[in-house]
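Got the viewer open? Let's walk through this one together, one selection at a time.

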Amino acid sequence: MLIGEVARRSGVSARMLRHYESLGLVRPSGRTGSGYREYSGADIRRILHIESLRSLGLSLREIGRALDEPGFTPSALVGDLIRQTRARIAAETELLTRLRRLDAADPAGWEDALRVVALLQALGSTSADARQRAALSSGDAVPVPVEALVEAVLSEPEPNVAGALSWALARSDGGAAELLAEALGSPEATVRERAVETLAELPGEGPARQLREALGHPDPVVRGHAALALGARGEAEAVPALLDMVVAGHRDTDAADTLGVLASDEATADRVAGAMTARLADTGTRAPARGRLTQALADIPGPVAARALAELSHDEDRAVALTATYLLRLREGTR
């Protein structure tokens with residue numbers, strides 16, 4: 001079969017076939033009387049094998065080794081190809097992400113586009129000062145896409161920079177709460193914690209709604225941050241989670257203080273005191289937790305809390321009884 005027919009059947013151009021021949025990858029089995037290359041069926045199969053290996057990303061040199069060296073095995077080479085391909089995909093994905101963010105910024109011209117690119121690069125700088133300056137300057141001339149700010153805050157280890165990024169997110173056009181809520185499902189605990197901390201810093205109903213959802217999160221750290229943030233906003237829905245924190249001893253002082261803030265009106269105070277009393281009466285609540293709950297009653301005004309302390313002053317647990325008695329005296333002294 002002549003080179004033109006081989007090119008037609010294999011889909012490999014005559015020029016490429018000659019290149020393969022110059023490298024020794026393909027050696028036509030014979031020549032016609034006129035000196036034209038003549039390829040056999042075996043030659044064509046070899047050409048197809050070459051194309052198949054090229055489709056896997058092998059270089060022509062690697063293909064030559066694969067086809068001609070008897071002891072050559074594909075396992076090591078395929079492993080290298082997998083690593084190279086992953087690295088290439090990661091690089092292309094990063095480029096695609098940058099392009100999408102640039103597109104989201106909708107720059108009016110190349111000058112604006114370059115400003116966005118510079119800010120995006122600064123957000124990924126190894127210098128905390130550079131990252132903080134980028135966060136504080138975002139939105140002054142050209143807005144940084146909210147996706148970039150969220151990604152930056154979720155990976156930011158420096159509290160001052162994280163605060164600047166939260167400030168930038170609060171000034172953004174929106175969408176941050178939903179992105180941060182998605183991050184609450186991350187397998188990394190630090191990412192989940194940064195996400196809920198940032199949600200707690202954002203104003204508005206959107207972040208508050210996501211924080212309410214986070215009260216049912218399986219991670220107690222996430223639940224705790226959400227409860228403290230909502231309690232500080234005066235949302236009584238946080239009470240059960242705050243009581244869980246007191247019982248568990250996780251930021252129990254902060255939780256008790258927040259419960260005291262929530263108990264600013266008589267109805268909520270009685271509700272909080274009633275919930276505390278129920279936890280104290282629960283036979284599954286251990287002694288240290290009962291002691292923390294008793295101490296937390298100190299900041300709860302109203303008759304329900306007072307009655308609960310009066311009953312606890314006779315508790316069989318001496319530590320609880322002494323604490324309740326002391327707190328009752330303090331309350332009587334403030335009247």
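The tour goes from the whole chain down to single residues.

Start with everything shown as a cartoon, and keep in mind that this is a predicted model. You should find 19 helices and two strands. Now turn the protein along its principal axes: the C-alpha atoms fill a box of roughly 120 × 50 × 30 Å. How does the radius of gyration compare with that of a compact globule of 335 residues? The globule would have one near 20 Å, but the protein has 34 Å.

Next, switch on the surface. About 18,800 Å² is exposed, and carbon and sulfur atoms supply 52% of that area. Of the 335 residues, 39% count as buried. Color by charge, too: there are 39 positive and 47 negative charges, and their mean positions sit 9 Å apart.

Time to look inside. In soluble globular proteins, nonpolar side chains tend to be buried together. Here the largest nonpolar core has 70 residues, so select the ones with the most contacts inside it: Leu-242, Leu-259, Leu-297 and Ile-300. Then pick residues 146-154, which form helix α8; this helix gives the most to that core, with seven residues.

Zoom in on Leu-297. Leaving aside residues up to four places away in sequence, Leu-297 touches Ala-273, Met-276, Leu-280, Ala-305, Ala-308, Leu-309, Leu-312 and Arg-331.

For the last stop, select Ile-3, Val-26, Ile-44 and Leu-58. They are among the 18 residues of another core, which lies apart from the largest one.

Technical notes. Residues numbered from 1 in each chain as written. Predicted model: local features only at pLDDT ≥ 70, side-chain atom pairs only at ≥ 80, totals over all residues. Heavy atoms only, no water. Helix = DSSP H or I, 4+ residues; strand = E, 2+ residues; numbered from the N terminus. Rg over C-alpha atoms; globule rule 2.2 N^0.38 Å. Buried < 20%, exposed > 50% of the residue type's maximum accessible area, 1.4 Å probe, protein only. Areas by Shrake-Rupley, 256 points an atom, 1.4 Å probe, with all protein chains shown as cover. Lys, Arg positive; Asp, Glu negative; His and termini not counted. Charge placed at Lys NZ, Arg CZ, Asp CG, Glu CD. Core = buried A, V, L, I, M, F, W, Y, C linked by side-chain atoms within 4.5 Å. Contact = heavy atoms within 4.5 Å.
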